[in-house]
Amino acid sequence: KVLAGVSTVALASLVSSKLWAATAIKPDDASALLVIDVQNCFLPGGSLAVKEGEQVVPVINKIAKSFANVVMTQDWHTPGHVSFASVHSGKKPFETIDLPYGKQVLWPDHCVQGTDGAALSKDLSIPQAELIIRKGFHKDVDSYSAFLEADGKTTTGLAAYLKSRKVKRVFVAGLATDFCVAWTALDARKAGFEVYVVEDACRGIDTQGSLAKAWADMAKAGVKRIQSGDIAATA
Ligand code: VGL
Ligand code: ZN
């Protein structure tokens, strides 16, 4: 009985180690990590601070070591941007309005071009990052997605860039899960990429059910939800 117990444990650990080995994902040259909006405004003390936002930084630094290709994004708004509640009289942050391109959540002023709040976190350590995409710089259109502005048609050029570099798979991490990360992941699917969102390398804003909706939309679109530990430690 004891022997049987021991061998069951041994077998279980053998099976789980094999399973782990089989499911660990190894980023290759056709993979890119997209680091979304890890900027001071979204970190503690920032004007649109995401709860626990700072906790994504060490996780992102760690997984980035497994990627030859890393692209970062920067939310990069004009002063008086249409997404700011402050430019709509009588409106407060987190309320919504209807704009020509659809429903827009209104935010505190954030990530204004050239300000310290718009700077990438100084704690990011990803020297190989090859491209920084700035987005949301058209005053009358927001851009959560790294691929497409909120009008649904103006591109940032990122899909063409990745395709010309022969990237087929993107891994998305950063802030915020339910806005810029999710919209980026959904547009990456639409552009034909295989898409992974690294859940513990992201944090959400979660306003009016946005976090649950984002995960549901991503699941429906075929976005794979993974954890940083699922990524093999070397490139
Ligand atoms: C974001 C709200 C407004 C984001 C950017 O990075 O998720 N959210 N602008
Ligand atoms: Zn923004």
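In this short talk I will go from the overall fold to the nonpolar core and then to the surroundings of the ligand.

Please keep in mind throughout that what we are looking at is a predicted model. The protein has five helices and eight strands, and if we read from the N terminus on, these elements follow one another in the order α-β-α-β-β-β-β-α-β-α-β-α-β. Along the principal axes, the C-alpha atoms fill a box of roughly 75 × 40 × 35 Å. The radius of gyration is 20 Å, and this agrees with the value near 18 Å that a compact globule of 235 residues would have. Among contacts with a separation of 6 or more, 75% join residues that are 24 or more positions apart, and buried residues account for 39% of the 235.

As for annotation, the UniProt record, an unreviewed entry, places the feature "domain: Isochorismatase-like" at residues 31-224. That span is 21% helix and 23% strand, and the C-alpha atoms at its two ends lie 14 Å apart.

Let me turn to the interior, where the largest nonpolar core has 61 residues, and where Leu33, Leu34, Val172, Ala173 and Ala185 are the ones with the most contacts inside it. Several elements each supply at least two residues of this core, among them β1 (31-36), β2 (69-75), β6 (169-175) and α5 (210-220), while α4 gives the most, with eight residues. If we take Ala185 as an example and set aside residues up to four places away in sequence, we find that Ala185 touches Val172, Val195, Val197, Met218 and Val223.

Now to the ligand. Which residues surround ligand 1? They are Asp37, Phe42, Asp75, Trp107, Tyr144, Leu175, Ala176, Phe179 and Cys180, and by class this shell holds seven nonpolar, no polar and two charged residues.

I would like to dwell on one member of that shell, Trp107, which sits in the loop between β4 (102-105) and β5 (131-135). Is Trp107 buried or exposed? Trp107 counts as buried, because it has 24 C-beta neighbours inside 10 Å, where the cut-off for being buried is 20 or more. Leaving aside neighbours within four places in sequence, Trp107 is in contact with Leu48, Ser83, Phe84, Ala85 and Pro93. Of these contacts, let me pick out the one with Phe84, since the two residues are 23 residues apart in sequence, yet their C-alpha atoms are 4.9 Å apart in space.

Conventions: Residues numbered from 1 in each chain as written. Chains lettered and ligands numbered in written order. Predicted model: local features only at pLDDT ≥ 70, side-chain atom pairs only at ≥ 80, totals over all residues. UniProt positions renumbered as here; feature names shortened; annotations may be inferred. Helix = DSSP H or I, 4+ residues; strand = E, 2+ residues; numbered from the N terminus. Near = placed C-beta within 6 Å. Nonpolar A, V, L, I, M, F, W, Y, C, P; charged D, E, K, R; others polar. Buried ≥ 20, exposed ≤ 12 C-beta atoms within 10 Å, placed from the backbone. Contact = placed C-beta atoms within 7 Å. Rg over C-alpha atoms; globule rule 2.2 N^0.38 Å. Core = buried A, V, L, I, M, F, W, Y, C linked by C-beta atoms within 7 Å.
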